[in-house]
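Got your viewer open? Let's take a walk through the inside of this protein, one selection at a time.

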Amino acid sequence: MMLTEINFDGIIGPSHNYAGLSRGNIASASNAGDVSQPRAAALQGIDKMRHNLALGLPQGFFMPLDRPDVPWLASLGTTLDDAEGHLRAQAWSASSMWAANAATVSPAPDSGDGKCHLTVANLVTMPHRSHEWPGTLAQLRLAFADPAFAVHAPIPAPFGDEGAANHMRLCSGHDGQGVEIFVYGVGGGRFPARQHLDASKAIARHHRLDPARTLFIRQSDTAIQGGAFHNDVVAVANEHVLFTHETAFEDREAAHAEIRTAFPAVEIVEVPASAVTLPDAIKSYLFNAQLVSLPDGGGMGLVLPTEAQATPAVWNWLEAHVAGNGPIRRLLPVNVRQSMANGGGPACLRLRVVADPATVDPRFIADDAKLDRIAEVVATHWPEAIAPGDLASATLASDVRRARAALLEALDLSELT
């Protein structure tokens, strides 16, 4: 079995809009009410997948969910026509595009039974995301139906779980045994802590992780209240490298010490707040980047949003790091501005799964021809623009459903209808 890291990106759905539903997400709130561009958004996401394929990185994808979610509104005793504005917007949300919140993944070398475990995230903290998990679970069970995987139902409410965005893994190589780090928050400020410690511990138990190689570290209140609603806005790990902002963890020194004890080979690359402020780190999504191992001994690359280039303190730090022969050898900017405006960078758009590609349903694995097919459907069927008032349109709702159906048909995934 050849284990490798596959990044599964969420295809940005035809209902992509700016309703500002994500409390604690500064970009989402600041762009609320703007006109979105679903077609451009999806094509940007496809271009990012093409970019990563060209780097030699395995790439997969997930389908957008069925939106607007009429059955969810029915469970609230209302309809698309009659729903209050905030409920209607929550039914339309295309937030499943951020696949980092789809599930938490523990590769086979870390689990007690030698399977790759995935637990679908419940996303209970945010109403617009709380109804994603049934559709996501159906996809995970289809894509990872092979006996090499174990796919788990969500952790029950009220224990909030937001998936891989609050989970990191350190290892000498993706196919080796690793140390898994669950980052949780504690509530109490104006913005909610979305990842609960009890949820993280439950996932670790379900995934049969070795307690000696499993860490639970508290995200700093400073980061959460500053707009780092997930850990992946202030820290990202890849193989032996932890790339982190100085303010990421509540007890920085204790966290670093615990990580070094569990994984002595770790290389902690810390960006000091004196060089890059927390607001600049969040605005640029410096850490919400894909830190990837490039093939053929190319070292590590950082796939980061073009906004990082436009933030002088961030770009200056990155260029100095590369010039100083640090572990990040290449800076690889991509344009995902439509996603960024709703509060999600390159890392939000992908779920990392270490697996043998031969064990994954091939319909979910990308190649250039398949991305061409997806782009053709998007260019033909995705709405060009959605304004807030459009969410009351029955015609738009029908158009969006037809668009998704066309994509499922093009990829032979009609069982997800």
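Start with the walls of the largest cavity: by class, its lining has 11 nonpolar, four polar and six charged residues. Keep in mind that you're looking at a predicted model. The space itself has a volume of about 310 Å³. To find its middle, select H167, M168, R169, A237 and R352, the closest to the centre of the 21 residues that line this cavity. Now show the strands β6 (167–171), β9 (235–238) and β15 (350–355): each one supplies at least two residues of the lining. How many cavities of 30 Å³ or more are there? The count comes to six.

Next stop, the largest nonpolar core, with 84 residues. Nonpolar side chains tend to be buried together in soluble globular proteins. Select F144 and V353, which have the most contacts inside this core. Then colour helix α13 (residues 368–381), which gives the most to the core, with five residues.

Stay on V353 and look at what surrounds this residue. Leaving out residues up to four places away in sequence, V353 touches T4, E5, I6, F8, V105, C116, L118, F144 and F149. There's also a second, separate core of 20 residues; pick out A281, M300, L304 and W317, which are among them.

Last, jump to helix α4 (residues 85–92). Is α4 mostly covered or mostly open? Mostly covered: six of its eight residues are buried. Select L87, R88, A89, Q90, A91 and W92 to see the buried ones. Finally, add α3 (70–75) and α14 (394–410), which the buried residues of α4 pack against.

Technical notes. Residues are numbered from 1 along each chain as its sequence is written. This is a predicted model: local features need pLDDT of at least 70, side-chain atom pairs count only at pLDDT 80 or more; totals for chains, interfaces and linings use all residues. Side-chain values use heavy atoms; hydrogens and water are left out. A nonpolar core is a set of buried Ala, Val, Leu, Ile, Met, Phe, Trp, Tyr and Cys residues joined through side-chain atoms within 4.5 Å. Buried means under 20% relative accessible area, exposed over 50%, partly exposed in between (1.4 Å probe, protein chains only). Helices (H or I, at least four residues) and strands (E, at least two) are DSSP runs, numbered from the N terminus. Contact means heavy atoms within 4.5 Å. On a 1 Å grid over the protein atoms alone, a cavity is a set of points where a 1.4 Å probe fits but cannot get out, and a pocket is an open set with protein on both sides within 12 Å along at least five of seven lines; lining residues have an atom within 4 Å of a point. Grid points are joined across faces, edges and corners, and a volume is the space filled by probe spheres set on the points. Ala, Val, Leu, Ile, Met, Phe, Trp, Tyr, Cys and Pro count as nonpolar, Asp, Glu, Lys and Arg as charged, and the others, Gly among them, as polar.
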